[in-house]
Amino acid sequence: MILASFAEGFLLGLGAAVPLGPINVLIMSNALRHYGSAVALGAGAMSADITYLLLILLGLFHFMENPTLKLVMALAGSAFLLYLAWLIFKGRHEPIRLEQVGNPPLLKNWLKGYTLTLLNPYTVVFWLSVSAYIATKQLDPAATVLGLLSAIVLWITLMPLIIHKTKHLFSQRIATLFSIASAAILAFFAIGMLANL
């Protein structure tokens with residue numbers, strides 16, 4: 001039962017972490033320049049997931065069903081996504097081989113990941129679905145959540161590592177095009193969030 005619950009949680013975690021979304025686009029974009037910054041973004045996103053998970057476990061999630069709060073979250077999330085898209089587009093010509101002087105802004109990147117995920121209404125829907133799934137299938141909650149978080153940790157550490165270690169395969173022109181595409185994808189997600197209001 002525990003092993004099966006862990007395995008189901010792990011698969012759920014991969015389902016949540018792997019698809020191309022705003023966070024993965026940001027992680028990939030950051031990984032070209034600095035591995036730590038990319039992991040900090042992913043850790044911030046996972047921290048927001050844990051925040052929602054704790055709210056569910058403590059029974060404090062009912063306030064999230066307020067339509068006004070959902071609207072505010074969607075508007076703030078869209079604005080934040082557009083801001084991040086602009087930052088990536090503005091920095092599209094930054095050299096990828098340039099070694100950063102000093103420490104990268106890890107806390108700033110963690111906050112970006114946390115804020116973006118916390119303001120994403122889809123995160124709320126995902127965690128509500130997960131809690132319903134666990135209850136319906138009568139899985140062991142602790143093992144399922146541990147499996148889920150293990151998959152997310154694996155993804156947010158390995159995916160940016162692979163991109164960072166293979167960045168020598170990217171020319172500056174490809175990196176610039178990648179930044180432009182990343183900014184466009186983030187803008188697309190921002191517009192999509194507004195369209196679903």
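A residue counts as buried when its relative accessible area is under 20%, as exposed when it is over 50%, and as partly exposed in between (1.4 Å probe, protein chains only). The model described here is predicted: local features need pLDDT of at least 70, side-chain atom pairs count only at pLDDT 80 or more, and totals for chains, interfaces and linings use all residues. Residues are numbered from 1 along each chain as its sequence is written, and side-chain values use heavy atoms, with hydrogens and water left out.

## The whole protein

The secondary structure consists of eight helices and zero strands. Helices (H or I, at least four residues) and strands (E, at least two) are DSSP runs, numbered from the N terminus. Along the sequence the pattern is α-α-α-α-α-α-α-α.

The C-alpha trace spans about 50 × 40 × 25 Å along its principal axes. The radius of gyration is 18 Å, which agrees with the value near 16 Å for a compact globule of 197 residues. This radius is taken over C-alpha atoms, and the globule rule is 2.2 Å times the number of residues to the power 0.38.

Of the 197 residues, 42% count as buried. The protein exposes about 10,400 Å², and carbon and sulfur atoms supply 74% of that area. Accessible areas come from the Shrake-Rupley method with a 1.4 Å probe; for residues, only the protein chains shown count as cover.

Contact means heavy atoms within 4.5 Å. Among contacts between residues at least 6 apart in sequence, 89% join residues at least 24 apart.

## Helix α2

In α2, ten of its ten residues are buried, and the helix is mostly covered. The buried residues include Pro 22, Asn 24, Leu 26 and Ala 31. Their cover includes α1, α3 (35–57), α4 (67–90), α5 (106–118), α7 and α8 (172–195).

## Four residues

| Residue | Place | Relative accessible area |
|---|---|---|
| Thr 123 | helix α6 (residues 121–137) | 8% |
| Lys 167 | loop between α7 and α8 | 12% |
| Leu 161 | helix α7 (residues 141–165) | 30% |
| Val 18 | loop between α1 (2–17) and α2 (22–31) | 38% |

Thr 123 is buried, because its relative accessible area is 8%. Leaving aside neighbours within four places in sequence, Thr 123 is in contact with Asp 49, Tyr 52 and Thr 117. A polar atom of the Thr 123 side chain lies 3.0 Å from the backbone oxygen of Thr 117.

Lys 167 also counts as buried, at 12% relative accessibility. Lys 167 and Ser 131 are 36 residues apart in sequence, and their C-alpha atoms are 38 Å apart in space.

Val 18 is partly exposed, with a relative accessible area of 38%. With neighbours within four places in sequence left aside, the contacts of Val 18 are Asn 24 and Trp 155. The C-alpha atoms of Val 18 and Ala 151 are separated by 9.4 Å, although these residues are 133 residues apart along the chain.

Leu 161 is partly exposed at 30%. Together with Leu 154, Leu 158 and Ile 162, Leu 161 makes a nonpolar surface patch of about 330 Å². Patches are made of residues with over 30% relative accessible area and no salt bridge; like charges are joined within 9 Å, and nonpolar side chains (Val, Leu, Ile, Met, Phe, Trp, Tyr) within 5 Å. A salt bridge is a side-chain nitrogen of Lys or Arg within 4 Å of a carboxyl oxygen of Asp or Glu.

Notes: A polar contact is a pair of N or O atoms within 3.5 Å; within protein, one must be able to donate a hydrogen and the other to accept it, and residues adjacent in sequence count only if both atoms are side-chain atoms.
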